Amino acid sequence: MENLNIGGAELLKWNIGASAFLANPKDGARLMNWYLTFANGDVRDVIYWPENAPLGGENFSAVRGGIPILFPFAGNSSLDGKSGVWQTPDGEIRPMKRHGYASSGSFNLEIADDSGFSAKFLPSEDFLQAYPYDCEFYVRYRFEELMFSCELSLFNKSSAKIPWGAGLHPYFALPWKAGTERKHYRLLTDAKKFVRAEDSTALSPAEAKDLSFDSPNMHNLIVSKLKTPAVRFGPKNGEEDVCIQVGDGYNTPPGTCFVLWSESESAPYYCVEPWMSPPNSSKKPVHFVDPGKTKSFLVTIALA
């Protein structure tokens with residue numbers, strides 16, 4: 001593990017075999033970049049980070065790259081057609097920022113060693129107004145040569161159960177093989193339900209006929225009711241797949257879904273996002289943490 005200070009940003013870097021992982025644990029607990037260096041000197045980005053983007057500071061959270069942490073709820077929260085609000089189980093109407101507050105928040109680095117890091121979320125006033133619970137939220141990364149895991153953990157210190165529906169927002173470099181385009185890549189899933197997010201509050205049924213990354217069908221597609229809590233994607237010839245797995249990879253936790261999104265047809269990335277719960281889960285929470293208990297959401301991302 002290397003400690004780096006670049007332009008005032010405190011970064012950590014891990015070189016494990018062919019892989020290198022770069023993270024800013026204190027600003028959003030964000031894994032910024034994962035890349036491979038091959039024997040011939042070629043480099044392949046797996047997790048995308050744009051050149052010349054800020055490495056920390058005020059504009060860091062707005063960078064389209066790395067893996068933003070979505071907490072306490074992934075996606076947009078809305079109530080009675082109004083975006084940016086939610087109703088607590090006690091009936092209070094409170095604000096709730098899209099994707100929550102962790103990605104733009106500060107963390108305290110708790111552990112950093114040769115295998116990864118663990119960071120604790122430092123609640124802001126905005127967060128406490130939105131999520132009025134006595135709790136502790138942690139992000140823990142563990143790195144290996146061709147894979148890593150990210151575990152989100154919520155410890156409930158209050159006397160009532162609390163809802164949450166966190167997620168990850170990975171920006172995957174795509175395409176990644178020379179001479180290929182999005183049309184050469186596809187998604188594999190055993191999901192039984194497909195819907196599309198038409199706007200911040202509405203979902204509509206979608207078809208799963210064409211899961212090629214150049215298809216308009218892929219944009220804002222949400223796949224759920226998975227037989228196994230995992231998806232794979234990569235070149236249509238079956239080489240160099242990326243596999244995203246939730247939990248143990250065998251038992252699908254309730255609410256598990258994957259959300260697909262990219263900013264434009266020409267963007268050098270595609271987001272394949274594992275979420276604990278469907279969009280607007282703050283309205284009908286799927287997951288709760290009982291008083292004095294800790295619950296976790298574990299995601300493993302590997303090259304197959």
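1. Strand 21 (residues 221-226) runs antiparallel to strand 24 in this predicted model, and three bridges join the two. Within this pairing, Val223 sits opposite Phe258 of strand 24.

2. Strand 24 also pairs with strand 25, again in the antiparallel sense, here over five bridges. Val259 of strand 24 has Glu273 in strand 25 as its bridge partner. Strand 24 thus has pairings with strand 21 and with strand 25.

3. How many of the residues of strand 24 are buried? Five of the five are, so strand 24 is largely enclosed by the rest of the structure. In a regular strand, side chains alternate between the two faces of the sheet. Here Cys257, Val259 and Trp261 point one way, while Phe258 and Leu260 point the other way. Both sets are buried.

4. The largest pocket has a volume of about 690 Å³. Its lining is made up of 31 residues, and those closest to the pocket centre are Gly75, Asn76, Arg98, His99 and His169. By class, the lining residues divide into 13 nonpolar, 11 polar and seven charged. Strand 24 (257-261) and strand 25 (269-275) each supply at least two residues of this lining. The pairing of point 2 therefore joins two strands that both contribute to the pocket lining.

5. A second group of pairings centres on strand 27 (residues 294-303). Strand 14 (residues 147-156) runs antiparallel to strand 27, and nine bridges join them. Ser149 has Thr300 of strand 27 as its bridge partner. Strand 23 (residues 242-246) is also antiparallel to strand 27, with five bridges. In that pairing, Val242 stands opposite Leu303.

6. What does a search of the whole structure for disulfides find? The count is zero. For Cys135, the nearest cysteine sulfur is that of Cys150, 17 Å away. Because a disulfide needs two cysteine sulfur atoms within 2.5 Å, Cys135 is in none. Cys135 is buried, at a relative accessible area of 13%.

7. Cys271 is likewise in no disulfide: the nearest cysteine sulfur belongs to Cys257 and is 14 Å away. Cys271 is buried, with a relative accessible area of 0%. Its nearest cysteine by sulfur, Cys257, is one of the buried residues of strand 24.

8. Two cis peptide bonds deserve a mention. The bond from Phe71 to Pro72 is cis, with omega near 10°, and Pro72 lies in the loop between strand 6 (69-70) and strand 7 (78-79). The bond from Leu174 to Pro175 is also cis, with omega near 0°. Pro175 is placed in the loop between strand 17 (171-173) and strand 18 (185-188).

9. Glu240 is not a glycine, yet has a positive phi of about 60°. Glu240 is in the loop between strand 22 (230-235) and strand 23; strand 23 is a partner of strand 27. Is Glu240 buried or partly exposed? Its relative accessibility is 31%, so Glu240 counts as partly exposed.

10. Asn280, also not a glycine, has a positive phi of about 60°. Asn280 lies in the loop between strand 25 and strand 26 (287-289). Its relative accessibility is 17%, so Asn280 counts as buried, the cut-off for that class being under 20%.

Key
Residues are numbered from 1 along each chain as its sequence is written. This is a predicted model: local features need pLDDT of at least 70, side-chain atom pairs count only at pLDDT 80 or more; totals for chains, interfaces and linings use all residues. Side-chain values use heavy atoms; hydrogens and water are left out. On a 1 Å grid over the protein atoms alone, a cavity is a set of points where a 1.4 Å probe fits but cannot get out, and a pocket is an open set with protein on both sides within 12 Å along at least five of seven lines; lining residues have an atom within 4 Å of a point. Grid points are joined across faces, edges and corners, and a volume is the space filled by probe spheres set on the points. Helices (H or I, at least four residues) and strands (E, at least two) are DSSP runs, numbered from the N terminus. Ala, Val, Leu, Ile, Met, Phe, Trp, Tyr, Cys and Pro count as nonpolar, Asp, Glu, Lys and Arg as charged, and the others, Gly among them, as polar. Buried means under 20% relative accessible area, exposed over 50%, partly exposed in between (1.4 Å probe, protein chains only). Two strands pair if DSSP finds at least two bridges between them.
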